[in-house]
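Colleague: Got a minute to go through this one with me? I'd like to start with the ligand and then look at the backbone.

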Amino acid sequence: MNSLSINDFHTMPNDFPDLDVYAVVGNPIAHSKSPVIHQRFAEQAKQKMHYGRIQAELGDFAKVAKSFFAAGGMGLNITIPFKLDAQAFAEVLTPRAQLAGAVNTLYRQNSQIFGDNTDGAGLVRDLLAQGLQLRGARILLLGAGGAARGAMGPLLEQSPKQLIIANRSSAKANDLAQLFGGLAKTNGVELASSTLNELEDPKKGHTPFELVINATAAGLSGESPLSAQAADNIFIPSSFAYEMVYGKSTAFMQQALQRGARVSDGLGMLVEQAADAFLIWRGAKLNLMIDPRSVLAKLRHSCD
Ligand code: NDP
């Protein structure tokens, strides 16, 4: 088993003959919190398993995943930049992975590799756990990449009043609005797309939103997708600003705080999507034994 990337962080299934082995694959991956999250779930649910990290080189995902499963690996989580490669690798896609257009969880069932996507469900559970009322809410979703697409289905299923997708480039936001038009109609949601620039224009009728989700990657480079004018139009003190990036207070979060809104980073989403993956792998009935909110609280404490 030496065909895995050389940047393998103690993950080769052969090295753990008595344990079920799982891993997260990404690039970079050294700072991933997924191993510690899954270790805590395993302790809570009294499961014997090992969860490691694999840094795959770009273009190598399929080779790495194939080697991992061939060596007896039980499941993989997938993070940036491999979620589309994982979708292509899966032999069967769950309906929500199909809808999300990306895979963040792989597992073997009846000798086939299944691909699922737990990101959107994780986001919604974190929002609900933080007391957000999504039914009937007016929601602004910033970004139209993989994370935004994964969030669309679970958000629409909560039947908000309105969901506006705003992206830097209009084509991607329009595509998402079109793709999810049917689901929006079924759930009675007014769905529309916009550019980020249009959020600056009061004539476009964008009044403040109850929930603004930043699903852009702008926070990673220290930027906000919103101009000051757009932030003035969008946030009021009763708004809730959710940043998918975690572990730092981003420019987007600062804009919301300056206008009196409540904010959250995406650490809870990370923990909740991991909880779903854990239950897919280890059995849904362990739901009663794991406590994602206590895992999140400990993680926050250790980050402080
Ligand atoms: P993608 O590369 O698929 O999409 C990136 C999106 O961000 C696009 O809509 C892009 O717009 C937009 N964007 C990038 N830079 C800027 C900028 N400077 N200003 C405005 N818009 C910008 O990435 P993902 O969708 O996979 O991930 C998005 C973010 O979500 C990442 O930061 C990621 O870390 C986070 N994430 C967090 C998770 C969690 O568990 N907390 C889970 C998944 C993702 P355009 O189309 O115009 O290029």
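Colleague: Which domains does the shell around the ligand draw at least three residues from?

Modeller: Keep in mind that this is a predicted model. The shell has 14 nonpolar, 7 polar and 4 charged residues, and α6 (146-156) and α11 (267-282) each supply at least two residues of it. At least three residues come from each of domain 1 (6-117 + 268-303) and domain 2 (121-265).

Colleague: Okay, and what fraction of the ligand's exposed area does the protein bury?

Modeller: Start with the contacts: a polar side-chain atom of Asn167 sits 2.8 Å from a ligand oxygen, and one of Glu223 sits 3.0 Å from a ligand nitrogen. Met244 uses a polar backbone atom instead, 2.9 Å from a nitrogen of the ligand. On its own the ligand would expose 940 Å², and the share of that buried by the protein is 80%.

Colleague: Moving on to β8, is that strand enclosed or open to the outside?

Modeller: Side chains in a regular strand alternate between the two faces of the sheet. In β8, Arg138, Leu140 and Leu142 point one way, Ile139 and Leu141 point the other way, and all of them are buried. That covers 5 of the 5 residues of the strand (138-142), so β8 is largely enclosed.

Colleague: Which residue of β9 is the bridge partner of Ile139?

Modeller: β8 runs parallel to β9 (residues 162-167), and 5 bridges join the two strands. In β9, the partner of Ile139 is Leu163.

Colleague: Now the odd backbone spots. Which residue does a cis peptide bond join to Pro81?

Modeller: Most peptide bonds are trans, so a cis one deserves a look. Pro28, in the loop between β2 (20-26) and α1 (34-44), has a cis bond with Asn27, with omega about 5 degrees. Pro81 lies in the loop between β4 (75-78) and α3 (83-89). Its cis bond, again with omega about 5 degrees, is to Ile80.

Colleague: And Ser159, with its positive phi: buried or exposed?

Modeller: Asn110 makes a handy comparison: its phi is about 50 degrees, and at 66% relative accessibility it counts as exposed because the cut-off is over 50%. Ser159, in the loop between α6 and β9, has a phi near 55 degrees. Its relative accessible area is 16%, and since anything under 20% falls in that class, Ser159 is buried.

Methods:
Residues numbered from 1 in each chain as written. Predicted model: local features only at pLDDT ≥ 70, side-chain atom pairs only at ≥ 80, totals over all residues. Heavy atoms only, no water. Polar contact = N/O pair within 3.5 Å; in protein donor to acceptor, adjacent residues only side chain to side chain. Areas by Shrake-Rupley, 256 points an atom, 1.4 Å probe, with all protein chains shown as cover. Helix = DSSP H or I, 4+ residues; strand = E, 2+ residues; numbered from the N terminus. Nonpolar A, V, L, I, M, F, W, Y, C, P; charged D, E, K, R; others polar. Domains from an automatic or database assignment. Buried < 20%, exposed > 50% of the residue type's maximum accessible area, 1.4 Å probe, protein only. Pairing = 2+ DSSP bridges.
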